[in-house]
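Let's walk through this structure together, one stop at a time. Keep the sequence at hand and turn the model as you read.

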Amino acid sequence: MTEIRLPGGRWRLWEQFGLRGPGFPADGVLRLAPGGLAGDADKFGPDDTLAGPDWDAFAERFDEAAVTTAHELQAIARTPSFREAVAWQNRPVLDSGVKPFLNWTPTAAGRTSMPRQREELVAHYWQRFCVKNDTIGFFGPVGWGRFDGAASDAVDVDPGEGLVAATELYFAGWAVDALAATLGADPAARAWIAPRRVPFVRVADEHVVVPGRPPQPATPELRAVLSRCDGVRTAHALAEELPGVDVAAALDELVRRRWAVWRLELPADTRPERRLHAWLHTVGDPGLRERGLHRLELLERGRERVRRAEGAEALVAAMSLLEREFVELTETVAVREKSAGTAPCRALVYSDCRRAATARIGDRVAEELAAALEPLLTAAGWLTSKLAAEVTARAEEVYDKLAAQGPVDLASFWFACMPILHGDARRAAQRLQEEFQAHWHAVLAPEEGVRRIRRDHDSVATEVARRFAWNGGPGWTAARYASPDVMIAAESAEAIDRGEYRFVLGELHLASNTLGASLFVHQHAEPGELAALTDEDHPGPRLLPLLPKEHRARLSARVKYALRRPEDYQVALVDQTGDPADPRTVLSADVSVVRRDDGLRLVLPDGAEFPAVDAFAHVLTTLAMDLFQVLPETAGHSPRVTVGRLVLARETWRLRASDLTFAEEKDERRRFVRARQWREREGLPRFAFVVSPTESRPFYVDFDSPVYMNVLAKAVRRLARKDPDGRVVITEMLPSPEQTWLTDQEGHTYTSELRFVAVTS
């Protein structure tokens, strides 16, 4: 393995990194910027009335360019790969928007409101497919690279064959859960479902203990059944084991009291259908088993039809048929609303792909990258260490109060700490971020009103090491990781070799190994290599909190952590989403909390011990993950900050929607001219990304492109109507579409982002 040690000796980088990028070439968006039109628009001044012969000539030129752009958009919309990508994203749009757009003949007079809306629709999808470094399907395939001392000193790209090396199709977890719920609702299934104790409930002497409540009396029969509800023994097996007990009645009572769960629930898994298949083979009722296997087989056949579909029309037909069959089998809607889950898990199935191109980073660029990241990771460790210390101090106060009443179990400790985790810890995180930014302000010493801050790397690194000094570990086990997203702005790989490049920081995710997500691990040619890197980081077992299957903010099976090893433990705090048969999955009620010389410890039933703070890992990581912001987001304008070769922060504007008055101009010719004049006054670059509270995702804008000006104006109007004081955030696009070095075998270039994993001891 090629080990990349950072200069301070505390952090190192994994030898492998993710290579994120879209599936369409970057120059695709430039097709929508008519040559020379922007220069013609700039001939008019802010005080010009936009009338007269010169204006009439420009208007005619604009109309001609608009028709040409409409034809270009139609050519894009006819492209099979574009149509297939839209089919995966939102296939009803193909009929409601794309099809009528293609049936329209562009003319200047015919560009009424509806055709323009359809132009904007195609342009909006096109920018996402060309310049957004998403990771989804063939239009955002997962790529991989590695540090390689045998490579050139710079960056080598092996384009591979085609765009995609491998494709896999997955069921959304909620879809298989819906089928499981249907099968489990059959009265005949109850005997073959294994009930399980709620993780925070335990049996003690003649009582059942629930956190925050006095011990609850329970009959010997109830206690006997509850103590055996391990999620492995079926109700049928319990009845055989307890011949003198009405097990079904006892289970109904346990469910009523919310001490146990007795329904068919599958463990969280990237392949949930395999879990359901395995359960069906445990069913002792042949008729029930065969009915269930038949239903599951129907869905799997439908998935295979989708897998084999070639082209958008065949894909739409296959997915539509699968949805009809799913509705018939489950009586459940086949597509979820956007608010109900995490994309791409709205549909029954989703696709992930591995990029054919791979990259290797040589020693010189690796050394420069390591030096650039060193001060950032030093500051990151300070943040997580401080956050953990504050939460731990408050948690110890909670423990002392509980311990005064007797032994403390993790379930009681966890619930008693909820006010801290969702109150004090949030406030601490906000306060620490403000302190973090104050330190960076002192380090960078920015001048008021400047657009560029350039600082020497060595002086910044020295001052960061002084201001962000921290001792001991980073806080909790997961906080040993940080995942920086870094882009390389260069016109080509050869330019990198000549030293004509700079690094651009995208995001720095704290307390998380983002390459451990299922979507990355399962799109690696050799996942065992990632497991080996994890072994190097953690020679001993870890304790990992079990998480809910889904959460609309971040969680889904697709982003589920997939580098858990057999020796690692899992603790179910509230949700039991793991495999009940796994001997290293424990319930919070069965874990003791004790005080040792080195602090609070968790003692598992088999005697294994872990720091108590690891039980809070997910909550702390959620709080910490996005804290790394060098500049506050309150200013109307933030400069570009460059330290050595690294752009630490891109130039950003935060502007009131109601102040962007060009957006209200009805005539799109005048709107284009006024938008360019506004851009000139503000000093905005040609290429930018825009974030608006009314838009679901950031979107690309080219100020030379009338169609992207229309997209921006519409977003601004939407926000201004909802909240006149609402702000749009405009950030320079860096690297720009011309600064791309990731190539395919045909020489097309793509935007890209390198996702690294940093780990400290």
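Start at Pro735, which sits in the loop between strand 29 (727-732) and strand 30 (742-743). Helices and strands here are DSSP runs, helices being H or I with at least four residues and strands E with at least two, numbered from the N terminus. Leu734 and Pro735 are joined by a cis peptide bond, with omega about 5°. Before going on, bear in mind that this is a predicted model, in which local features need pLDDT of at least 70 and side-chain atom pairs count only at pLDDT 80 or more, while totals for chains, interfaces and linings use all residues. Residues are numbered from 1 along each chain as its sequence is written, and side-chain values use heavy atoms, with hydrogens and water left out.

Two other loops hold a backbone feature to look for. Leu50 lies in the loop between helix 1 (37-41) and helix 2, and its phi is near 55°, a positive value in a residue other than glycine. Glu331 also has a positive phi, about 55°, although it is not a glycine; you will find Glu331 in the loop between helix 12 (312-330) and strand 12 (349-361). Are these two residues buried or exposed? Leu50 counts as buried because its relative accessibility is 2%, whereas Glu331 is exposed because its relative accessible area is 75%. The cut-offs are these: buried means under 20% relative accessible area, exposed over 50%, and partly exposed in between, using a 1.4 Å probe and protein chains only.

Now look at Thr652, in strand 26 (residues 652-656). With a relative accessible area of 8%, Thr652 is buried. What does its side chain reach? One partner is the backbone oxygen of Arg650, at 3.1 Å. The side chain of Thr652 also makes a polar contact with the side chain of Thr731, at 3.3 Å. A polar contact is a pair of N or O atoms within 3.5 Å; within protein, one must be able to donate a hydrogen and the other to accept it, and residues adjacent in sequence count only if both atoms are side-chain atoms. Leaving aside neighbours within four places in sequence, the residues in contact with Thr652 include Gly636, His637 and Ser638. Contact means heavy atoms within 4.5 Å.

Ser638 makes a good next stop. Ser638 belongs to strand 23 (residues 637-638) and is buried, with a relative accessible area of 5%. Its side chain and that of Arg654 are joined by a polar contact of 2.8 Å.

Let's turn to a helix. Helix 5 (residues 113-131) has 19 residues, which at 1.5 Å a residue should span 27 Å, and its end C-alpha atoms are indeed 27 Å apart. The expected span is 1.5 Å times one less than the number of residues. Among the buried residues of helix 5 are Trp126, Phe129 and Val131. The buried residues of this helix pack against several elements, including helix 2 (53-78), helix 3 (80-90) and strand 27 (687-691).

Helices can also be viewed as a pair. Helix 15 (residues 418-444) and helix 16 (residues 457-467) pack at an angle of about 145°, with their axes 10 Å apart. The axes are lines fitted to C-alpha atoms, for helices over the stretch in contact, and angles run from 0 to 180 degrees between N-to-C directions. Where they meet, His439, Trp440, Ala442 and Val443 in helix 15 face Val460, Glu463, Val464 and Arg467 in helix 16.

Finish at Arg20, in strand 3 (residues 16-20). Arg20 counts as buried, at 14% relative accessibility. Which partners does its side chain have? A polar atom of the Arg20 side chain lies 3.0 Å from the backbone oxygen of Asn133, and the side chain of Glu753 makes a polar contact with that of Arg20 at 2.7 Å. The C-alpha atoms of Arg20 and Glu273, by contrast, are separated by 28 Å, with their places 253 residues apart along the chain.
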